[in-house]
Amino acid sequence: MPLPLVHHPDYDAVSVADAHRFPMRKYTLVAQMARRAGHMLLVPEPAGFGALETVHGRDYVAAIFDGSLERKAARRIGFEITPEIAARSRAAVGGTCYAARFALEAGAAVNLAGGSHHADANGGAGFCVFNDVAVAAEQLLAGGQVKRVLIVDLDVHHGDGTARIFAGRGDVFTLSMHCEDNWPTEKPPSDLDVGLPRGAEDGVYLTTLRQVLTQGFELATPDFVFYNAGVDPHMDDRLGHLALSDGGLAARDRLVAEFCAGANVPVCGVLGGGYSKDAEAVARRHMFLVEAMSGICVPA
Ligand SMILES: [Zn+2]
């Protein structure tokens with residue numbers, strides 16, 4: 001089976017200008033790159049109110065849908081909440097839910113968006129409106145398709161929203177490996193947290209990751225994995241503070257794929273962050289995830 005890849009045209013909120021430090025264009029670019037590489041792209045249904053409410057408070061979801069979110073809360077997110085931003089946020093959640101279902105069959109699938117790990121039950125932050133991975137995890141668990149979910153979050157920023165949402169839950173294990181000296185300053189505990197020092201390079205990163213994945217898989221004993229493959233640990237990233245090379249990021253994605261395949265656990269990848277000035281370079285780095293996951297798809 002070819003790797004199921006999910007993309008929705010609404011992922012790219014075109015009114016967010018190139019000057020914004022969030023490189024919105026990367027979603028269109030990575031979809032183009034995937035098509036050029038011969039992939040078919042699946043189009044998801046945007047998430048509905050009911051699905052979002054399994055994770056987020058009703059008032060918050062309503063405020064995003066009708067554009068009434070107060071200014072201060074919107075500032076924490078970093079986007080003005082327009083109908084376009086609401087649509088992209090719903091599409092991204094729908095995309096992760098859709099990819100997760102395909103991953104159950106194919107062994108692996110990728111949503112070419114998502115990874116909004118700073119959003120929690122009560123609101124959004126850091127460019128994250130809805131926590132797509134949390135909604136998708138709840139959906140799989142509620143459907144009985146899986147019993148124990150492991151969330152491997154390798155975005156350079158701590159997965160604070162996800163940690164808050166699943167604190168104390170026995171059926172979801174949260175793992176975050178990030179740069180310790182970076183936003184968010186408050187890092188509520190995940191089930192397994194590893195904070196790397198500023199400037200960490202490929203060697204130390206990959207050695208640490210192998211140990212962390214070994215430990216995470218042992219403790220979580222998952223039957224499903226979500227992988228946030230943010231490319232903001234890259235040395236050129238404006239918000240990252242780590243120093244991985246392109247080769248290091250590609251090796252990282254292969255290592256995660258190898259662990260999932262080795263444990264015979266399906267994995268749903270999501271893009272996460274990436275804030276280099278060059279949106280084309282960011283999109284190219286996100287393709288490492290597509291390549292790594294293609295390598296572990298169940299053969300047709
Ligand atoms: Zn990030």
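Two residues are in contact here if their C-beta atoms, placed from the backbone, lie within 7 Å. Helices (H or I, at least four residues) and strands (E, at least two) are DSSP runs, numbered from the N terminus. Keep in mind that this is a predicted model: local features need pLDDT of at least 70, side-chain atom pairs count only at pLDDT 80 or more, and totals for chains, interfaces and linings use all residues. Residue numbers start from 1 along each chain as its sequence is written.

Let's begin with helix α9, residues 246-262, and its two partners. Axes are lines fitted to C-alpha atoms, for helices over the stretch in contact, and angles run from 0 to 180 degrees between N-to-C directions.

| Helix pair | Angle between axes | Distance between axes |
|---|---|---|
| α8 (202-220) and α9 (246-262) | roughly 15° | within 10 Å |
| α9 and α10 (279-294) | about 30° | 9 Å |

So α8 is roughly parallel to α9, a label that goes to angles under 35 degrees. The same label, roughly parallel, fits α9 and α10. The α8 and α9 crossing is right-handed, and α9 crosses α10 in a right-handed way too; that word applies if the near helix is turned clockwise from the far one by less than a right angle.

Who meets whom? On the α8 side of the first pair you'll find Asp202, Tyr205, Leu206, Leu209, Arg210, Leu213 and Phe217, facing Gly247, Gly248, Ala251, Arg252, Leu255, Val256 and Phe259 of α9. That contact has 9 nonpolar, 2 polar and 3 charged residues. Here Ala, Val, Leu, Ile, Met, Phe, Trp, Tyr, Cys and Pro count as nonpolar, Asp, Glu, Lys and Arg as charged, and the others, Gly among them, as polar.

Now for the inside. The largest nonpolar core has 97 residues, and Leu112, Val135, Phe226 and Met293 touch the most other members. Such a core is a set of buried Ala, Val, Leu, Ile, Met, Phe, Trp, Tyr and Cys residues joined through C-beta atoms within 7 Å, where buried takes 20 or more other C-beta atoms within 10 Å of a residue's own. Helix α5 (residues 83-106) gives the largest share of this core, 12 residues.

Finally, look at Val146, in the loop between α6 (132-142) and β4 (149-153). Val146 has 19 other C-beta atoms within 10 Å, so it is partly exposed, the class between buried and exposed (12 or fewer). Its C-alpha atom is 8.7 Å from that of Pro222, 76 residues apart along the chain.

Note on methods
Parallel < 35°, antiparallel > 145°, perpendicular 65-115°, else oblique.
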